[in-house]
Amino acid sequence: MSINSRRHFLLRTGQGLGAAAAVAAGGLIPGSGIFSETQAAELLDPLAPKPPHFPTKVKTIIWLHMNGAPSTLDLFDYKPELVRLNGTATPASFMKGIKTSTQGGVGKLFASNRTWKQHGESGAWFSDLVPNLAKHADKMTFIKSSMTVGATHDISILKLNTGDLQPGRPSLGAWVSYALGSANPDLPSYVVLYNGKSEPSGGSVNWSSGFLPAVYQGTAFRPGPSPILHLERPELRSVAQQRSSLDLLKRLNLEGAARHPQDSELKARIRSYELADRMQVSAPDAVDLSKESDATREMYGLNEEATENYGTTLLRARRLAERGVRFIQVVSGAPNEATDVRSWDAHSELEKNHSVMTRMVDKPIAGLLADLESRGMLESTLVVWTSEFGRTSYGESGNGRDHNPWGYTQWMVGGGAKAGFTYGETDEIGLQVADKDKAVDTYDLQATVLQLAGLDHLKTTFLNNGRSERPTVVYGKVVKELIA
């Protein structure tokens with residue numbers, strides 16, 4: 001008897017039932033190592049809800065990627081010494097340990113021109129570019145010792161989302177979907193939202209399932225009034241006709257899947273047809289903002305040109321979170337009002353760029369935080385502000401900043417993160433992490449986010465080509481100080 005025949009025999013007999021129990025006990029996730037994905041998928045729905053490793057209140061992660069890398073020196077990281085040294089050559093002492101120069105070389109120090117104030121009981125510093133976010137100072141968990149590897153957008157974005165500098169690994173959202181399954185069978189477990197006229201930098205490799213089964217990849221919703229293409233059933237096609245066609249496709253695809261048991265793409269296709277059928281009822285309501293109150297629309301900035309598109313994206317994120325979507329990846333795109341500003345990538349004219357970009361995101365993100373809190377959802381939703389890297393303390397082109405992977409700020413709100421808390425710091429001019437023992441790499445951020453979601457990143461594993469893979473590759477530590 002062949003290996004495949006033996007496996008199918010076991011799966012269809014009493015031994016198969018015992019196997020199903022064993023797989024259920026293993027959870028199909030973390031370290032079970034009993035069956036391959038293909039075998040397990042024949043026993044259990046791959047997106048059935050699965051228990052976390054330990055109790056958690058987090059139901060949804062909203063991953064806010066500030067595409068292009070904002071200068072957190074101009075937003076959250078106030079440096080009086082940088083102001084004092086403005087316009088002078090960057091002291092060599094601050095460059096120690098930096099082995100690679102940035103694209104434009106090392107220029108003169110460039111201080112922020114913004115007005116800074118401390119806010120809340122935590123005394124966190126905010127510039128006048130983000131007055132609405134400043135109102136939430138005591139909810140925020142600042143990570144001011146963030147760092148990464150690489151200083152090229154597509155490469156560092158890939159590392160931020162998938163843990164590797166090259167395509168092929170699953171994104172964080174795919175790992176969460178794989179490990180926890182779906183909480184709503186009528187919507188994707190993992191959704192990607194963006195604003196602007198084009199797909200985000202790097203494209204779909206940043207929400208890919210990698211070597212995980214294809215069913216766990218992210219589903220991208222486009223901007224605009226119709227975020228899901230071809231969702232409506234044609235007028236001349238009845239519900240019964242559509243159901244009959246789907247049943248026929250399912251039978252044909254199942255026969256193909258039986259002949260090619262390792263083809264996860266085929267299984268994903270079968271599920272996607274069924275999900276699309278159910279989404280014709282559920283998805284329009286999930287993305288329809290017409291029933292939102294005027295006060296809510298104002299909170300997200302839907303009545304202002306500068307904030308309308310991004311605010312719409314975040315309001316949809318909240319509605320998806322309400323409906324049980326596990327991981328919502330939101331990528332900031334270009335705003336309505338400035339066609340010449342595409343992202344946060346301010347190599348020149350930083351004041352103009354960041355004025356436009358902060359005007360786009362400040363009110364909607366603050367609105368999201370306030371809305372989640374008012375609805376009692378903040379404890380069950382983890383909001384993460386992140387970017388591929390930061391920007392340098394020294395200037396470029398006279399009035400911009402270069403890429404900085406050595407020290408920048410990220411933050412989290414809700415979901416069990418320690419509120420009103422700052423972890424780590426950069427040096428006196430904001431160029432590098434001051435205490436390397438407190439450095440938080442993207443691997444550490446992912447490990448901590450998974451921990452807050454109830455998952456041990458060391459036990460969230462998948463057998464790929466004979467090797468047990470995990471989200472953080474062979475790196476990463478949970479930063480316990482960030483957890484309440």
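These exercises, each with a worked solution, concern a predicted model.

**Exercise 1. The ring pair in helix 7**

Classify the pairing of Trp-175 and Tyr-178, and place both rings in the fold.

Solution.
- Start with the count. Searching the whole structure gives 16 aromatic pairs.
- Take the geometry next. The ring centres of Trp-175 and Tyr-178 are 5.9 Å apart, and the planes stand at 70°. Planes over 60 degrees apart count as edge-to-face. The pair is therefore edge-to-face.
- Locate the residues. Both belong to helix 7 (residues 172-180), three residues apart, or about one turn of the helix. An α-helix has 3.6 residues a turn, so residues three or four places apart point the same way.
- Check burial. Trp-175 is buried at a relative accessible area of 0%. Tyr-178 is buried too, at 6%.
- Widen the view to the helix. Nine of the nine residues of helix 7 are buried. Among them are Leu-172, Val-176 and Leu-180.
- Finish at the end of the helix. Gly-181, just after helix 7, has a positive phi of about 75°.

**Exercise 2. A pair across the sequence**

Determine how Trp-344 and Trp-385 pair, and which parts the pair ties together.

Solution.
- Read the geometry. The centres of the Trp-344 and Trp-385 rings lie 6.2 Å apart with planes at 65°, so this pair is edge-to-face.
- Place the partners. Trp-344 sits in the loop between strand 7 (327-331) and helix 12 (350-374), while Trp-385 is in strand 8 (residues 381-386). The pair therefore ties together parts 41 residues apart in sequence.
- Check burial. Trp-344 has a relative accessible area of 0% and is buried. Trp-385 is buried, also with a value of 0%.
- Extend the network. Ring pairs join Trp-344 and Trp-385 with Phe-76, Phe-126, Phe-142 and Trp-411 in a cluster.

**Exercise 3. The nonpolar cores**

Name the residues that touch the most other members of the largest nonpolar core, then trace the contacts of Leu-133.

Solution.
- Begin with the membership. The largest nonpolar core has 51 residues. Phe-126, Leu-133, Ile-365, Trp-385 and Trp-411 touch the most other members.
- Ask what supplies the core. Helix 12 gives the most, with nine residues.
- Follow Leu-133. Leaving out residues up to four places away in sequence, its contacts include Phe-76, Phe-126, Met-140, Trp-385 and Trp-411. They also include Asp-362, Ile-365, Ala-366 and Leu-369.
- Look for another core. A second, separate core has 36 residues, including Ile-143, Met-412, Ala-417 and Val-440.

**Exercise 4. Sheet order and edges**

Lay out the open sheet of eight strands and find its edges.

Solution.
- Write the order: 6-5-7-1-8-11-4-12, with mixed pairing.
- Read off the ends. Strand 6 (219-221) and strand 12 (421-423) are the edges, each with a single partner strand. One side of each is therefore left without a neighbour in the sheet.
- Add the twist. From one strand to the next it averages 20°.
- Inspect one pairing. Strand 5 (residues 190-194) runs parallel to strand 7, joined over five bridges. Val-191 is opposite Ile-328 in strand 7.

**Exercise 5. A hairpin**

Describe how strand 9 and strand 10 pair, and the turn between them.

Solution.
- Identify the sense. Strand 9 (residues 390-396) and strand 10 are antiparallel, with four bridges.
- Pick a facing pair. Glu-396 stands opposite Gly-400 in strand 10.
- Examine the turn. Three residues separate the strands of this hairpin, and Ser-397 in the turn has a positive phi of about 60°.
- Test burial. Five of the five residues of strand 10 (residues 400-404) are buried, so this strand is largely enclosed by the rest of the structure.

**Exercise 6. Positive phi and charged ends**

Place Asn-465 and Val-473, then find the rings under Lys-159 and Lys-438.

Solution.
- Recall the background. Most residues other than glycine have a negative phi.
- Take Asn-465. Its phi is positive, about 55°. It lies in the loop between strand 13 (462-464) and strand 14 (467-469). Asn-465 is exposed, at 78%.
- Take Val-473. Its phi is also positive, about 60°. It falls in the segment after strand 14. Val-473 is buried, at 17%.
- Turn to the lysines. The charged end of Lys-159 sits over the ring of Tyr-443, 4.3 Å from its centre. That of Lys-438 sits over the ring of Tyr-423, at 5.7 Å.

Conventions. Residues numbered from 1 in each chain as written. Predicted model: local features only at pLDDT ≥ 70, side-chain atom pairs only at ≥ 80, totals over all residues. Heavy atoms only, no water. Phe/Tyr/Trp six-rings, centres within 6.5 Å; stacked < 30°, edge-to-face > 60°. Helix = DSSP H or I, 4+ residues; strand = E, 2+ residues; numbered from the N terminus. Buried < 20%, exposed > 50% of the residue type's maximum accessible area, 1.4 Å probe, protein only. Lys NZ or Arg CZ within 6 Å of the ring centre and 35° of its normal. Core = buried A, V, L, I, M, F, W, Y, C linked by side-chain atoms within 4.5 Å. Contact = heavy atoms within 4.5 Å. Pairing = 2+ DSSP bridges. Axes fitted to C-alpha atoms, helices over the stretch in contact; angles between N-to-C directions.
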